[in-house]
Each structure stands twice: as C-alpha cells, then as structure tokens.
Amino acid sequence: MHPKKLPQDVNPKGVFACNELDLKEVQVYGFDYDYTLACYKPSMDYLLYNLGRDMLIKKYKYPEGIGNLEYRENFAVRGLHYDFEKGLLLKLDSFLQIQLGAVYRGLHPVPDDEVLRMYKNRIIPIAYVEAPPKHSNDGVRRTKMIQLADLFSVPEMGLLCNVTEYFLRNHIDYHPEILFRDVKNSVQSCHPIMHQLVVENVSEYLEQNKDLRRFFGRLRKADKKMFLVTNSPFHFVNKGMQFLVGENWKDYFDVVIVQARKPRFFTEESRPLRIYDEVKQTQLWDRVTKLDKGVIYLEGTVKQLQDMTGWRGHQVLYFGDHPYSDLADVTLEHGWRTGAIIKELTHEIETLNDQKFKENANWLQMLTGVIEEHQDYEGPEVQDELDEWMKERDELRNEIKSVFNKQFGSVFRTYHNPTYFSRRLFRFADIYMSSITNLLEYSTSHTFYPRRGVMPHEYTSYFV
Ligand SMILES: [Mg+2]
C-alpha cells in the first residue's frame with residue numbers, strides 16, 4: 001500500500017465558513033467582550049480556580065483538605081457534559097453517543113464496560129441532554145446533564161473533578177448535583193473579585209493583541225457601525241479595552257452596553273436600558289429614548305437596541321465565543337449573521353498540521369478501508385489478520401485523540417463524528433476563527449464561501 005500524499009497545512013489564522021457570508025452586506029459589527037475581544041492567559045483559569053476553591057471552604061464549609069488541591073491545566077476541555085445524577089464528566093458526539101474512553105469520575109477514566117452498564121446504551125436519550133422547547137414545557141425536568149460550553153467553565157470543571165477525586169479518595173459520601181451547584185456558585189460568586197484583581201493587574205491576565213486597534217480602524221474607515229454587548233461590568237471592560245485598544249477605545253463604538261445579562265438580553269421582551277454614569281460609577285434612573293455615542297448603557301434588550309438604531313437582520317454581524325448565549329438567539333430569532341471566536345482552534349490546527357498526526361490520520365483511513373473491504377472474507381487466517389488490523393486501528397484512534405487532549409481529545413471531533421459542541425457551533429455560527437483579528441487577512445468586502453460538504457452517498461462520485 002502506498003500512502004496518499006499528505007494534505008497541506010491549514011492556516012491557523014484562517015476564517016472558516018459554515019454558511020455563505022458576504023461582508024459587503026454587513027453594515028454593523030457587534031461584539032461580545034470576554035474571550036471575543038479580550039483573550040485571557042492561563043493565569044485566568046488559575047485565578048478563578050483558586051478563588052472558587054477557597055470560597056468552597058469559606059462559604060460552603062467544604063473540608064479544609066481541598067485547599068491543597070492545585071489546578072491542573074489542560075485537564076478538561078470546553079463542550080463536555082456533566083451528568084449530575086451520576087457525577088461524571090463526559091464527551092458526547094453530534095448523535096448523542098458517548099465517546100468511550102472520555103468519561104471521567106474525578107480524575108480517573110471510567111472503564112467502558114462500567115459506562116455501558118450505567119447507561120445501558122452508547123446513545124443518550126435526548127431528554128437527558130436538552131430541555132423541551134420553551135412552549136411545550138410541562139414543568140417536568142428530565143435533563144440530567146449540563147453542557148459546559150463557556151471558556152470560564154473550564155476552571156469550574158477542573159475544580160469539580162479535583163473535589164470529586166478528593167471525596168472518592170477519602171470515602172466521603174456526596175451528591176453530584178449538590179457538588180456541581182456549589183462549585184458553580186462558588187466560582188461564579190468570585191467573578192466580582194476576579195474583575196477587581198484583573199483591573200489592578202491587567203497585563204498579568206489579558207493577552208495583548210496589537211492587531212485589534214488596526215482591525216477597528218479598518219472597520220471605521222469602511223464606514224461600518226460598531227457596538228459592544230457584554231455581561232461584564234464597565235470598570236472591568238474599560239480597563240481591558242484601554243489595555244488592548246487605548247484610552248480612546250470608546251471612539252470606535254457607536255453603542256456600548258454592559259451588564260447585558262445575555263442570553264436574557266436576546267430573549268426577554270422588556271427590560272429597560274439604563275445609563276451608567278462613569279463619574280459617579282453608578283446607574284441612573286433616567287428613561288433612555290435614544291442611544292448616544294460615548295454614553296455607557298446597561299441591561300436592556302436586543303429589541304430596544306434594534307428599535308433605537310434601526311439595525312436589523314442580515315446587516316448585523318455579531319461575534320461571540322459562546323455558541324448558545326451569544327449566537328443561538330440572534331441567528332434563530334433575529335436573523336443576524338454570526339461569527340464565533342474559538343480560541344482552541346489555534347491548538348487544534350497546530351495539531352492537524354503536525355507531520356506525525358497527518359501520517360497517523362492517513363494510515364487510519366487506509367487501514368479502515370482495508371478492514372472494510374476484507375471483513376466478509378471467511379476462514380480463520382483472515383479473521384486473525386482482521387483482529388490484528390482492528391487492534392492497530394484502536395491504537396491509532398487513541399493516539400490521534402490524545403494529541404489534542406489526553407483525557408478528552410479534540411473539542412471538535414470524537415473519533416470520526418463531530419462533537420455535540422461542533423454540531424451546535426456549526427448550526428449557530430456563519431463563520432468561525434481562532435481570533436477576531438484573523439479577519440484582517442480578508443478585505444471588508446470579502447465573501448466567505450463554505451466548502452461543499454460531501455455526503456456519504458457522494459464519496460466515489462464527487463470531487464473530494
Ligand atoms: Mg464571552
């Protein structure tokens with residue numbers, strides 16, 4: 001067998017299209033702040049982990065011993081599900097199949113036969129994972145899993161697994177759902193402290209991006225409107241934007257809304273917009289009837305933003321890092337175009353471009369082809385050969401998985417299928433990229449064309 005020619009490298013600064021998008025039609029660029037414009041260093045994960053861990057002891061009276069548990073970088077990845085009935089962290093694919101080998105209790109993988117015994121199936125019923133649509137809610141909660149789709153939830157998962165491990169090792173009985181809620185509430189209640197610490201030492205936590213100012217300047221020059229809608233408070237965003245773009249960052253924006261409480265900002269019918277007074281550092285009670293440049297607003301709803309600006313539908317392109325709370329409603333309900341910023345793409349593309357990875361992926365595909373072709377041959381010597389090949393295939397699959405992340409593999413793929421996270425991302429994002437400033441590689445009138453995906457019945461007839 002001759003190996004095929006290996007594929008070219010993927011551009012880590014590329015912008016990838018799920019749907020055709022003509023930037024000439026886009027008049028308004030909207031942005032989320034955290035992990036969209038502002039990317040954090042790993043020190044942010046350590047900070048949130050440490051604050052949350054200490055809060056568990058102080059406020060929730062968890063055992064002092066967990067104070068010694070250190071954050072493990074690169075343990076969890078975004079997009080995993082936590083089963084709060086069984087206390088497991090696991091990865092699902094787009095068909096709701098469990099990725100065996102990527103199911104963890106505490107810091108240890110659960111053996112495949114135990115997973116299959118617990119779930120009785122490789123496929124999880126949809127009611128476990130997704131709540132029924134809003135209007136058909138009969139009030140009964142059937143979901144048993146929660147997806148952690150936010151980058152701020154990565155240190156939460158780390159804490160959850162460390163504390164679980166501590167309880168298991170010390171034979172302490174615990175309830176996984178209570179533990180989950182306590183960890184989540186602890187870490188999230190520390191966000192105001194985190195904001196303050198970042199404001200005091202912004203370069204310790206925030207990654208500088210020199211291209212951001214150039215990117216904004218180019219949008220301005222092309223006469224595009226710009227707005228910011230973030231859940232974070234003004235003092236925190238202000239400090240970060242000054243660090244990233246400069247003292248005059250607000251000059252670039254036509255509208256700035258902070259403490260927006262997404263996703264409710266996009267779903268609620270009415271909640272008044274308020275004005276934030278920068279000098280007094282407080283919100284005002286005045287009625288807001290128009291949106292002025294240079295004024296900071298808080299709360300409100302997307303309806304008011306649209307009504308007061310006239311910005312609607314496909315002329316708006318909104319960027320966020322959270323496929324659900326940033327992108328789902330604006331695309332499904334309001335017809336905005338959407339861009340996802342997925343920081344993990346940098347590492348994922350580096351891995352795809354690695355020579356060894358390419359060779360392994362290529363060999364895996366060929367080996368699978370050979371197995372597929374020979375499986376129906378009979379006779380013991382063929383079976384022995386097939387068993388050997390299957391064994392080699394399993395080893396290769398695990399190797400390919402673990403180069404992305406040792407425990408959970410790629411954010412985007414389970415062995416051959418897209419992950420649950422990918423499916424949602426591709427559904428809600430027209431384009432996606434590792435960093436917002438990757439757009440500098442394209443003009444402001446560029447059209448992104450999706451690749452014509454090949455369907456299973458087209459493989460031999462189509463130009464792959
Ligand atoms: Mg964000």
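This passage walks through the fold, the domains and one annotated site of the chain.

The model is a predicted one. DSSP picks out 16 helices and 17 strands along the chain. Its radius of gyration comes to 24 Å, close to the 23 Å that the globule rule gives for 464 residues, so the chain is as compact as a globular protein of that length. Laid along its principal axes, the C-alpha trace spans about 85 × 60 × 45 Å. Of the 464 residues, 34% count as buried. As for contacts with a separation of 6 or more, 75% of them come from residues 24 or more positions apart.

The chain splits into three domains, and domain 1 is built from two pieces of sequence, 23-40 and 207-337. Domain 2 takes in residues 42-200, and domain 3 covers 345-458. Between the C-alpha centres of domain 1 and domain 2 there is a distance of 30 Å. Where these two domains meet, ten residues of domain 1 are in contact with seven residues of domain 2. On the domain 1 side, helix H9 (234-244) and helix H12 (323-332) are the elements that give two or more residues. H9 gives the most, with three residues. Sorted by class, that side of domain 1 has six nonpolar, two polar and two charged residues.

Now for the sheets. One open sheet has five strands in the order S7-S6-S5-S4-S8, with antiparallel pairing. Strand S7 (108-109) and strand S8 (145-147) stand at its edges with a single partner strand each, so one side of each is left without a neighbour in the sheet. Further in, strand S4 (residues 81-83) pairs with strand S5 (residues 88-92) in the antiparallel sense, over three bridges. Asp 83 sits opposite Leu 88 of S5 in this pair.

A parallel pairing turns up elsewhere: strand S9 (residues 225-229) and strand S10 run parallel and are joined by three bridges. Here Leu 228 stands opposite Val 256 in S10. In a regular strand the side chains alternate between the two faces of the sheet. Strand S10 (residues 255-258) has Val 255 and Ile 257 pointing one way and Val 256 and Val 258 the other way, and all of these are buried.

Next comes the annotated site. UniProt, in an unreviewed entry, lists Asp 32 and Asp 321 under "binding site". These two span 290 residues in sequence, yet their C-alpha atoms are no more than 7.7 Å apart, so they gather at one spot. Asp 32 lies in the loop between strand S3 (28-31) and helix H1 (42-58). With 25 other C-beta atoms within 10 Å, Asp 32 is buried. Leaving out residues up to four places away in sequence, Asp 32 touches Val 229, Thr 230, Phe 319, Gly 320, Asp 321 and Asp 326.

Asp 321, for its part, is found in the loop between strand S14 (316-320) and H12. Asp 321 is buried too, with 26 other C-beta atoms within 10 Å. Among the residues Asp 321 touches, not counting those up to four places away in sequence, are Asp 32, Tyr 35, Thr 36 and Leu 151. Its other partners include Asp 326, Ala 340, Ile 341 and Ile 342.

Ile 342 is worth following from there. This residue lies in the loop between strand S15 (337-341) and helix H13 (345-353). Ile 342 has 24 C-beta neighbours inside 10 Å and counts as buried. Setting aside neighbours within four places in sequence, Ile 342 is in contact with Asp 321, Tyr 432 and Ser 434. From Ile 342 to Phe 167, on the other hand, is 33 Å C-alpha to C-alpha, with their positions 175 residues apart in sequence.

Finally, the unreviewed UniProt entry carries the annotation "coiled-coil region" for residues 342-406. In the model, that span is 80% helix and 0% strand, and its end C-alpha atoms lie 20 Å apart.

Definitions and conventions. Residues are numbered from 1 along each chain as its sequence is written. This is a predicted model: local features need pLDDT of at least 70, side-chain atom pairs count only at pLDDT 80 or more; totals for chains, interfaces and linings use all residues. Helices (H or I, at least four residues) and strands (E, at least two) are DSSP runs, numbered from the N terminus. The radius of gyration is taken over C-alpha atoms; the globule rule is 2.2 Å times the number of residues to the power 0.38. A residue is buried if 20 or more other C-beta atoms lie within 10 Å of its own, exposed if 12 or fewer, and partly exposed in between; C-beta atoms are placed from the backbone. Two strands pair if DSSP finds at least two bridges between them. UniProt positions are given in the numbering used here, feature names are shortened, and annotations may be inferred rather than shown by experiment. Domain bounds come from an automatic or database domain assignment. Ala, Val, Leu, Ile, Met, Phe, Trp, Tyr, Cys and Pro count as nonpolar, Asp, Glu, Lys and Arg as charged, and the others, Gly among them, as polar.
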